[in-house]
Amino acid sequence: MGCTHDCGTCSSSCGSKSAESMKIELNKLSKVKKVIGIVSGKGGVGKSTVTSMLAVAMKRQGYRTAILDADITGPSIPKAFGLKERAKGNENGILPAETLTGIEVMSVNLLLENETDPVVWRGPVISGTVKQFWSDVIWNDVDYMFVDMPPGTGDVALTVFQSLPLDGIVIVTSPQELVSMIVEKAVKMADMMDIPILGIVENMSYFKCPECGKNHSIYGESHIDEVAERFGTRVLAKMPIDPEFARCADTGTIEMFVSDCMDEAVEKLK
Ligand code: ADP
């Protein structure tokens with residue numbers, strides 16, 4: 001009753017609503033081969049850092065790479081790459097910004113007058129923006145797109161899951177979280193949406209002492225291997241605590257950070 005035949009905006013769950021009908025169309029001029037969502041249970045665990053490092057590592061291997069920053073209220077991708085110019089557009093759509101090494105980026109911070117302007121928007125407007133990043137941006141022949149998802153399992157995360165054709169998700173955790181619960185929530189959400197879990201990245205896993213060369217488990221021993229096994233997935237990478245990550249992200253030089261910490265992860269994602 002009262003069906004508008006637009007499942008994308010409908011909140012009821014009737015039988016005719018299929019996962020496919022919720023997907024939105026990519027801009028006609030875009031080409032995107034693989035889309036990988038990066039999720040976390042909460043903010044601050046390093047989801048954006050991992051997204052950036054994965055994109056940088058994939059780009060270094062010669063693949064055309066892009067980042068869709070769907071973390072609309074906490075966008076940190078442009079800053080990490082030192083992108084300051086506002087995005088441009090033409091009658092066919094919005095053009096993504098390009099980083100120094102040629103990673104395409106779209107983020108709400110590239111559309112704001114000032115990067116410090118807060119996004120004080122209601123859920124549907126935020127979700128609409130993410131959808132537009134898919135339908136209105138002209139992505140130029142992308143092999144791997146990494147989507148920096150909003151933290152948690154709220155409204156916007158749900159929109160991304162439902163609207164974009166995700167090939168899989170990567171879960172980012174840190175040892176100080178309730179890892180098992182966070183992973184279980186992400187696994188259940190992905191199951192509900194019928195999206196594969198590609199693996200887990202444990203960030204801030206350990207600290208390598210520059211004096212003695214030993215690895216120290218600052219937040220206690222990691223249990224990520226057992227957790228991954230329990231949920232039938234795998235660990236893609238364990239990233240150390242390294243003040244260089246924070247410094248590079250702060251100074252917009254994350255592409256210049258020389259690290260092989262994501263090389264194995266990228267191999268597993270291919
Ligand atoms: P999220 O996207 O989950 O909110 P961020 O990637 O923005 O988290 O990271 C939060 C802060 O922690 C940033 O200042 C970032 O530079 C820093 N950070 C992330 N990972 C590391 C790490 N492995 N070592 C040191 N600092 C890190």
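A polar contact is taken here as a pair of N or O atoms within 3.5 Å. In this predicted model, a nitrogen atom of the ligand meets that criterion with a polar backbone atom of Pro 240, the two being 2.8 Å apart. Oxygen atoms of the ligand are likewise placed against the backbone: one lies 2.8 Å from a polar backbone atom of Lys 47, and a backbone N or O atom of Val 45 is found 3.1 Å from an oxygen atom of the ligand. Considered alone, the ligand exposes 560 Å², of which 78% is buried by the protein.

The site occupied by the ligand is the second largest pocket, and the elements contributing two or more residues to the surrounding shell are α2 (47-60) and α8 (243-251). The shell comprises 15 residues, among which Gly 44, Lys 47, Ser 48, Thr 49 and Pro 240 come nearest to the ligand. Classified by residue type, this shell contains 7 nonpolar, 6 polar and 2 charged residues.

With regard to aromatic contacts, the structure holds 2 aromatic pairs. One of them is formed by Tyr 63 and Tyr 144, whose ring centres are 5.4 Å apart and whose planes meet at 85 degrees, so that the arrangement is classed as edge-to-face, the threshold for this class being an angle over 60 degrees. Because Tyr 63 belongs to the loop between α2 and β2 (65-69), whereas Tyr 144 belongs to strand β7 (residues 142-148), the pair ties together parts that are 81 residues apart in sequence.

Key
Residues numbered from 1 in each chain as written. Predicted model: local features only at pLDDT ≥ 70, side-chain atom pairs only at ≥ 80, totals over all residues. Heavy atoms only, no water. Near = heavy atom within 4 Å. Polar contact = N/O pair within 3.5 Å; in protein donor to acceptor, adjacent residues only side chain to side chain. Areas by Shrake-Rupley, 256 points an atom, 1.4 Å probe, with all protein chains shown as cover. 1 Å grid on protein atoms, 1.4 Å probe; cavity = no way out; pocket = protein on both sides within 12 Å on 5 of 7 lines; lining within 4 Å. Sits in = over half its atoms within 2 Å of the grid points. Helix = DSSP H or I, 4+ residues; strand = E, 2+ residues; numbered from the N terminus. Nonpolar A, V, L, I, M, F, W, Y, C, P; charged D, E, K, R; others polar. Phe/Tyr/Trp six-rings, centres within 6.5 Å; stacked < 30°, edge-to-face > 60°.
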